[in-house]
Amino acid sequence: MTTAPLPAAPWWRPHPGRTLAIRGGTPLVGTYPISGAKNAVLPLMVSALLTPHLVTLHNVPATLDVAVLASLLQGLGCEMNWSPTSAGLSLTISADKVRPRSVDPDLVTRMRASVLLLGALLARCGEARLPLPGGDAIGLRGIDFHIAGLRAMGATVDLEAGVIHATAPHGLRGAEILLPMPSVGATENLLLAAVLARGTTIIRNAALEPEIADLALCLTGMGARIGGIGSHILTIEGGLPLAGTIHAVLPDRIEFGTLACATAITDGELFLAHSRIDLLGAASASFAAAGVDLSEMDGGVMARRAKGSLNGIDVTTGPYPEFATDLQAPVMALLTRARGASAITETIFEHRFHHVGELRKMGANISVMGRTALVRGVDRLDGAAVTCTDIRAAAALVVAALGGTGKTTLDGLDHLDRGYDNMQEKLAACGANVVRSDTDR
Ligand code: UD1
């Protein structure tokens, strides 16, 4: 549990409770505001390192990962200015005095996205020193594509005693890079580096996730020249000095999908403000097939269960626009209550079924064979004491608890706080019975 305050993000108040108690069975009703995307805001914050001018981000979600990255940036000499607005936080970053100092390893190891500092620092300062990043324990999650790409751009990269040391004293140069698979983080890291590298960089097999296009749009707002945004081939004419910019963070499609699951499992009706169906990619067809009705309205999406019961469906995760691996766990929680069987195959991360054991404690009928989980729908889920093991496992347990009977208590809440902006308060405002406290189970 994170109890220490993070001075670079004064709005971050470590939540007082170790456990979240959810009494299920109440339909969620009302409006749930979807925040800016966690996976978009992190690279956007890092993009501020590329310029001495001010970068202002609107619609910043109040999550632990944002607070941790703000602390890392402050440690590198950035100044942060926060202001609360009706649409999330606004953050202005000045990286005028950035230096490639050593950063706090405790902060770096809290999230994998800290690896994005590598490309930006190297491009701006010619040097970066970073402990190996951490993050959810859901797979090997190597950073070999990141390193190979930076080396192709002329960097020297060494790993010593768990610390990555990268140098490019004469600056980075453009290169042609073919990613072995469309890695989200590697595409972002190399894009951040390429905008300041001299000459042209071509990134082939770039990832298509909407958060990458959001980053590219922010960078073009700073004056970068990027062709092929939204495609598998990004062409960057680098080396131009970058200006400051003002950018609003894309809505969080994973928070949106998670809340669609929560609405359907409780048979409620929620207006998911600021969300957009097009951001779901293939998941929107999966929701329709499972019996989750999503209709786009002015300013958001109305979610409800379609007439009749939920249906079992088969799902295979893949790179965008295929079904998002980050929705696999919450959708599995939903399908535990569907009629019939569902086969859920995870292709992105090797160990992304930690939630299965916890869902079973609640009475779910799930068996795992290799990378596929077979879910047979049950009539009810019962309250239980469960543990969150990663961000999306936490989301799955919240969905199951809301749709369950009786009281479920969740611990390991840091994971929920990392990725979900004020989830407890937002759920309570929609009628959920959720209490966070230090009471033992
Ligand atoms: C990002 C998201 C995460 C999401 C994932 C896939 C952020 C902050 N995180 O993670 O929520 O689940 O995309 O959509 O945006 N790989 C390598 N070598 C590398 C890079 C990746 O082997 O150098 C492998 C990984 O181990 C993994 C796969 O490629 O199996 C996909 O990883 P990647 O797309 O890079 O995910 P992240 O950027 O870590």
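**Exercise 1. Work out which side of helix α9 faces outward and which faces inward.**

*Step 1.* Start with the face turned away from the buried side of α9: there you find the exposed residues A285 and A288. Exposed means over 50% relative accessible area, buried means under 20%, and partly exposed is in between (1.4 Å probe, protein chains only). Helices (H or I, at least four residues) and strands (E, at least two) are DSSP runs, numbered from the N terminus.

A quick word on what you're looking at: this is a predicted model, where local features need pLDDT of at least 70, side-chain atom pairs count only at pLDDT 80 or more, and totals for chains, interfaces and linings use all residues. Residues are numbered from 1 along each chain as its sequence is written, and side-chain values use heavy atoms, with hydrogens and water left out.

*Step 2.* Now list the buried residues of α9, which covers residues 283–290: they are A283, S286, F287 and A290.

*Step 3.* Look down the axis of α9. Its buried residues fall within an arc of 100 degrees, so they line one face of the helix. The arc is that of the directions from the helix axis to the C-beta atoms.

*Step 4.* What do the buried residues of α9 pack against? Their partners are α8 (253–265), β15 (292–297) and α10 (325–335). Contact here means heavy atoms within 4.5 Å.

*Step 5.* Finish just past the helix: α9 is followed by G291, whose phi is positive, near 95 degrees.

**Exercise 2. Describe the surroundings of the ligand.**

*Step 1.* How many residues surround the ligand? There are 19, and the closest are R112, D144, S183, D326 and I348. A residue counts as near a molecule or strand if one of its heavy atoms lies within 4 Å of it.

*Step 2.* Sort that shell by class, and you get 7 nonpolar, 6 polar and 6 charged residues. For this sorting, Ala, Val, Leu, Ile, Met, Phe, Trp, Tyr, Cys and Pro count as nonpolar, Asp, Glu, Lys and Arg as charged, and the others, Gly among them, as polar.

*Step 3.* Ask which helices contribute. At least two shell residues come from each of α5 (144–152), α6 and α10. The largest share, 3 residues, belongs to α5.

*Step 4.* Pick out the polar pairs. Polar backbone atoms of F145 and I348 each sit 2.7 Å from an oxygen atom of the ligand. With R352, a polar side-chain atom lies 3.5 Å from a ligand oxygen. Taken alone, the ligand exposes 740 Å², and the protein buries 88% of that. Those areas come from the Shrake-Rupley method with a 1.4 Å probe; for residues, only the protein chains shown count as cover.

**Exercise 3. Find the backbone oddities.**

*Step 1.* Recall the usual pattern: most residues other than glycine have a negative phi, and most peptide bonds are trans.

*Step 2.* Check the bond from Y320 to P321: this one is cis, with omega near 10 degrees. P321 itself is in the loop between β17 (315–316) and α10.

*Step 3.* Look at N59, a residue other than glycine with a positive phi near 65 degrees. N59 is in strand β3, residues 55–60, and is buried at 17% relative accessible area.

*Step 4.* Turn to H274, also not a glycine, with a positive phi near 75 degrees. H274 lies in the loop between β14 (269–273) and α9 and is partly exposed, at 46%.

**Exercise 4. Place T187, G312 and R360, and name what they touch.**

*Step 1.* T187 belongs to helix α6, residues 184–194. Is T187 buried or exposed? Its relative accessible area is 0%, so T187 is buried. Leaving out residues up to four places away in sequence, T187 touches L179, I203, A206, A207, I212 and L234.

*Step 2.* G312 is in the loop between β16 (300–305) and β17, and is partly exposed at 24% relative accessibility. Beyond four places in sequence, G312 touches L335, A338, R339, A341 and S342. G312 and F287 are 25 residues apart in sequence, yet 10 Å apart in space, C-alpha to C-alpha.

*Step 3.* R360 is in helix α11, residues 354–361, and is partly exposed at 42%. Setting aside neighbours within four places, R360 is in contact with I366, S367 and V368.

Key:
Polar contact = N/O pair within 3.5 Å; in protein donor to acceptor, adjacent residues only side chain to side chain.
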